[in-house]
Amino acid sequence: AAEGARTGNTKALARAAARWRRYLKLDPGDAIAHYRLSEALYYGHALSRDPLLIPEIDAALRRSRDLIARPVMWSFVGKSMITLERRPRAAVRELKEAMRLAEAGGDANERARAGAWLVVAYLQLGREQDAAQLAAGLRAPYPRSVYDQLRAALPAELRPRLEELLRERPR
């Protein structure tokens, strides 16, 4: 999947997805395989914009999250809801859970990532006060790639507010 994403090769991504589907028929409980399937489909969607991929991406991510109860999986589901499904209201629950789990586990980086995506969801929902309150506690720098994804998830008119709230400090 990574090769297909790097080269923009939709056929390579489709082959990777097919391999993961075949593997999952043999071992449906493999959480990493579910995640890798979602990854191949996600990048395939990014290149093709095929809306028919979204339900399978969502199902694979949720299955992986259910098998690996780690905060990063809740973050991935929330991010998918924002970027693919355009369902920020549903993403709020996932991202709050990611933050709760990250905080309980002492994972400051994952808490910051989930929190940044939650800021995006709040901005999409017009909940500016909630976004500002949350952002005030998120002072971790974000890698440029994450920051660019956050910006891309918002309409152009909301991007300056995101920049102000997160006080961009890309590494």
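Which residues are buried in α9? In this predicted model, the buried residues of helix α9 are Val146, Tyr147 and Leu150, and the sections below start from that helix before turning to α10, to the largest pocket, and to several single residues.

## Helices α9 and α10

When α9 is viewed down its axis, the directions of its buried residues fall within an arc of 120° or less, namely 100°, so these residues line one face of the helix. The partners against which the buried residues of α9 pack are α7 and α10, and α10 can therefore be taken up next, since the arrangement of its own buried residues is described in a similar way.

Helix α10, which runs over residues 159-166, has Arg161, Leu162, Leu165 and Leu166 as buried residues. Seen down the axis of α10, they fall within an arc of 120°, so they too line one face of their helix. The cover over these buried residues includes α7 (108-124), α8 (128-135) and α9 (144-152). After α10 comes Arg167, a residue whose phi is positive, near 45°.## The largest pocket

The largest pocket holds about 720 Å³ of space. Its lining is made up of 23 residues, and those that lie nearest its centre are Tyr42, Tyr43, Lys79, Thr83 and Gln149. Five elements, α3, α4 (54-67), α5 (71-83), α7 and α9, each give two or more residues to this lining, and the largest share, seven residues, is given by α3.

What kinds of residue form the lining of the largest pocket? Twelve of them are nonpolar, six are polar and five are charged.

## Buried residues in helix α3

Helix α3, which covers residues 31-48, can also be looked at through single residues. Ala33 is placed in this helix, and because its relative accessibility is 1%, under the limit of 20%, Ala33 counts as buried. If residues up to four places away in sequence are not counted, Ala33 touches Trp20, Tyr23 and Leu24. Ala33 is also 16 residues from Ala17 along the sequence, while the C-alpha atoms of the two are 9.9 Å apart in space.

His34 is found in helix α3 as well, and with a relative accessibility of 11% this residue counts as buried. Once neighbours within four places in sequence are left aside, the contacts of His34 are Leu24, Pro28, Ala60, Arg63, Ser64 and Leu67.

Ser38 is another residue of α3, and its relative accessible area of 3% makes it buried. A polar atom of the Ser38 side chain lies 2.6 Å from the backbone oxygen of Tyr35. With neighbours within four places in sequence again left aside, Ser38 is in contact with Ile57, Ala60 and Leu61.

## Exposed residues in loops and in α8

Is Arg49 buried or exposed? Arg49, which is placed in the loop between α3 and α4, has a relative accessibility of 56%, and because the limit for exposed residues is over 50%, Arg49 counts as exposed. Although Arg49 is not a glycine, its phi is positive, at about 60°.

A further loop, the one between α5 and α6 (88-105), contains Arg86. The phi of Arg86 is near 55°, which is a positive value in a residue other than glycine, and the relative accessibility of Arg86 is 58%, so that this residue counts as exposed.

Gln133, by contrast, belongs to a helix, namely α8. At 62% relative accessibility, Gln133 counts as exposed. Along the chain, Gln133 and Val119 are 14 residues apart, and a distance of 9.2 Å separates their C-alpha atoms.

Key. Residues numbered from 1 in each chain as written. Predicted model: local features only at pLDDT ≥ 70, side-chain atom pairs only at ≥ 80, totals over all residues. Heavy atoms only, no water. Helix = DSSP H or I, 4+ residues; strand = E, 2+ residues; numbered from the N terminus. Buried < 20%, exposed > 50% of the residue type's maximum accessible area, 1.4 Å probe, protein only. Polar contact = N/O pair within 3.5 Å; in protein donor to acceptor, adjacent residues only side chain to side chain. Contact = heavy atoms within 4.5 Å. Arc of directions from axis to C-beta. 1 Å grid on protein atoms, 1.4 Å probe; cavity = no way out; pocket = protein on both sides within 12 Å on 5 of 7 lines; lining within 4 Å. Points joined across faces, edges and corners; volume = space filled by probe spheres on them. Nonpolar A, V, L, I, M, F, W, Y, C, P; charged D, E, K, R; others polar.
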